[in-house]
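Dear colleague,

I am handing over the structure below for your reference. Please look through it before reading my notes.

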Amino acid sequence: MGHNGQRILVVEDDPVTQLRHSGYFQQAGYEVEVASTAAEMRHQMQQRPFDLILLDVNLPDEDGMMLTRQLRSDSDIGIILVTGRCDSVDKIVGLEMGADDYVTKPVEMRELLVRVKNLLWRIALAAKRSEPVANVSPAGALSFAGWSFQPASRQLWRGEHQVKLTRAEFELLAAFVQHPQQVLARERLLALISHRVDAPNDRTVDVLVRRLRAKMEKPDGYPTLFVTVHGEGYLFGSAVTS
């Protein structure tokens with residue numbers, strides 16, 4: 001049995017790297033399964049739940065970046081991208097797609113173990129910290145600009161259309177909703193989400209705001225909600241009612 005049954009899925013098409021990673025984390029006390037393709041990964045995930053995925057970006061059947069976005073839209077599973085790409089742009093794209101962390105090959109295994117432990121700890125801590133915002137009842141909903149936000153269940157609706165949020169996106173939106181029409185510095189916003197984000201910085205907030213804008217502002221006719229206040233931070237531009 002691993003750390004409280006924590007289970008890791010190693011998705012890697014190189015057999016040597018796959019064996020190295022799976023063997024190392026098994027010795028560290030985790031339950032480990034492996035997959036060489038995206039199709040095998042999906043099969044594994046249908047068979048059992050996982051806490052974290054070590055995902056190679058260059059898989060033979062699907063692009064790892066797009067796969068990350070699909071995974072993040074469906075779940076809050078921890079995602080660490082493992083890749084030979086060292087361009088900073090690739091790292092930013094990976095984080096924007098919803099990855100929690102990004103490491104480049106060759107990987108120093110002790111460092112990777114620390115990153116895995118920290119991410120699993122942050123996920124567990126985030127689950128404990130999930131609380132309703134603005135003192136609404138568990139069944140209550142907050143409304144703004146045509147949206148219905150249910151903090152207790154982490155659901156976001158526009159009419160009959162539900163928009164899925166990652167935990168970090170939810171926490172950032174909750175922070176904005178708690179302080180509508182107020183300028184919030186990046187440092188203040190960062191403090192509310194940093195328990196899930198590795199090595200957080202100002203860029204982290206910008207990435208999450210961009211992801212929220214893509215989900216809540218990009219469709220035609222949707223109002224602008226997240227206003228950039230240059231030199232200060234961001235402002236949530238809508239009034240909020242309960």
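The notes that follow describe the nonpolar cores, the aromatic pairs and one loop residue.

Please keep in mind that this is a predicted model.

The largest nonpolar core has 28 residues, and those with the most contacts inside it include Phe144, Leu156, Phe176 and Phe226. Among the elements that give two or more residues to this core are strand 6 (142–144), helix 8 (202–216) and strand 12 (233–236). Helix 6 gives the most, with 8 residues. A second, separate core of 19 residues includes Leu9 and Ala99. Within the largest core, Leu156 is in contact with residues including Phe144, Leu173 and Met216, leaving aside its neighbours within four places in sequence.

A search of the whole structure finds 8 aromatic pairs. In one of them, the ring centres of tyrosine 24 and phenylalanine 25 are 5.8 Å apart and the planes stand at 75 degrees, so the pair is edge-to-face. Tyrosine 24 is partly exposed, whereas phenylalanine 25 is buried, with a relative accessible area of 0%. The rings of phenylalanine 176 and phenylalanine 236 form a stacked pair, because their planes are at 25 degrees, with centres 6.1 Å apart. Since phenylalanine 176 lies in helix 6 and phenylalanine 236 in strand 12, this pair ties together parts that are 60 residues apart in sequence. Ring pairs also link Phe144, Phe176, Phe226 and Phe236 into a cluster.

Lastly, alanine 141 lies in the loop between helix 5 (109–129) and strand 6. Alanine 141 counts as partly exposed because its relative accessibility is 27%.

With kind regards

Note on methods: Residues numbered from 1 in each chain as written. Predicted model: local features only at pLDDT ≥ 70, side-chain atom pairs only at ≥ 80, totals over all residues. Heavy atoms only, no water. Core = buried A, V, L, I, M, F, W, Y, C linked by side-chain atoms within 4.5 Å. Buried < 20%, exposed > 50% of the residue type's maximum accessible area, 1.4 Å probe, protein only. Helix = DSSP H or I, 4+ residues; strand = E, 2+ residues; numbered from the N terminus. Contact = heavy atoms within 4.5 Å. Phe/Tyr/Trp six-rings, centres within 6.5 Å; stacked < 30°, edge-to-face > 60°.
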